[in-house]
Amino acid sequence: MNETKSKHLSIPLLQQRLDKIFSEYIRLRDANENGFSRCATCGTMWRWQIMQNGHYVDRRHIGTRYDERNCHSQCSNCNIGLRGNLDRYKRFIIEKYGVKVLEELESARRSTVKWTIADYQEKIEYYKAQIKRLKKEKGL
Ligand SMILES: [Zn+2]
């Protein structure tokens, strides 16, 4: 099969690439210098590589899909098994950022913002650099 150049720049593919990079960033951000991070909703510690990037507002909403305050390391049991463990997640957001941010995230659910190819490319480059920085800083 012939893959054209424009296919590499399609929004779904860029979104897939950014999801992967953003997830790595979130999990590294939350990791300590031994490479472990705490699940935002049940508190268990796991190596960052097996953690997941758990969204409070469902990631189908683009307005909060890449909002760092909406995304934290979560174990697979909370993220998948408990479908986000949202009651606990809500409390976590309030404790960490306050009610105002919670309301902001919840209202961004209704946002109809559209991301362009350039928006995705810019975020991909930004988070790639952040990953490099975090790995160096934490020695991971
Ligand atoms: Zn958990």
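Q: What volume does the second largest pocket have?
A: The structure is a predicted model, and the space described here is computed from its atoms. For the second largest pocket, that computation gives a volume of about 180 Å³.

Q: Which element gives the most to the lining of the second largest pocket?
A: The lining of this pocket is made up of 13 residues, and those nearest its centre are Asp-30, Arg-38, Cys-39, Ala-40 and Phe-92. Two elements, strand S1 (36-38) and H5, each supply at least two residues of that lining. The most, three residues, comes from H5.

Q: How many residues of each class does the lining of the second largest pocket have?
A: Each of the 13 lining residues can be placed in a class, with Cys and Ala, for example, counting as nonpolar and Asp and Arg as charged. Sorted in this way, the lining has four charged, four polar and five nonpolar residues.

Q: How much space lies in the largest pocket, and which residues are the closest to its centre?
A: The space in the largest pocket comes to about 480 Å³. Of the 23 residues that line the largest pocket, the closest to its centre are Asn-53, Gly-54, His-55, Arg-59 and Asn-79.

Q: Which element supplies the largest share of the lining of the largest pocket?
A: Three elements each supply at least two residues of this lining, namely helix H2 (11-29), strand S3 (52-55) and helix H5 (86-97). By class, the lining of the largest pocket has 11 charged, eight polar and four nonpolar residues. The largest share of this lining, six residues, comes from H2.

Methods: Residues are numbered from 1 along each chain as its sequence is written. This is a predicted model: local features need pLDDT of at least 70, side-chain atom pairs count only at pLDDT 80 or more; totals for chains, interfaces and linings use all residues. Side-chain values use heavy atoms; hydrogens and water are left out. On a 1 Å grid over the protein atoms alone, a cavity is a set of points where a 1.4 Å probe fits but cannot get out, and a pocket is an open set with protein on both sides within 12 Å along at least five of seven lines; lining residues have an atom within 4 Å of a point. Grid points are joined across faces, edges and corners, and a volume is the space filled by probe spheres set on the points. Helices (H or I, at least four residues) and strands (E, at least two) are DSSP runs, numbered from the N terminus.
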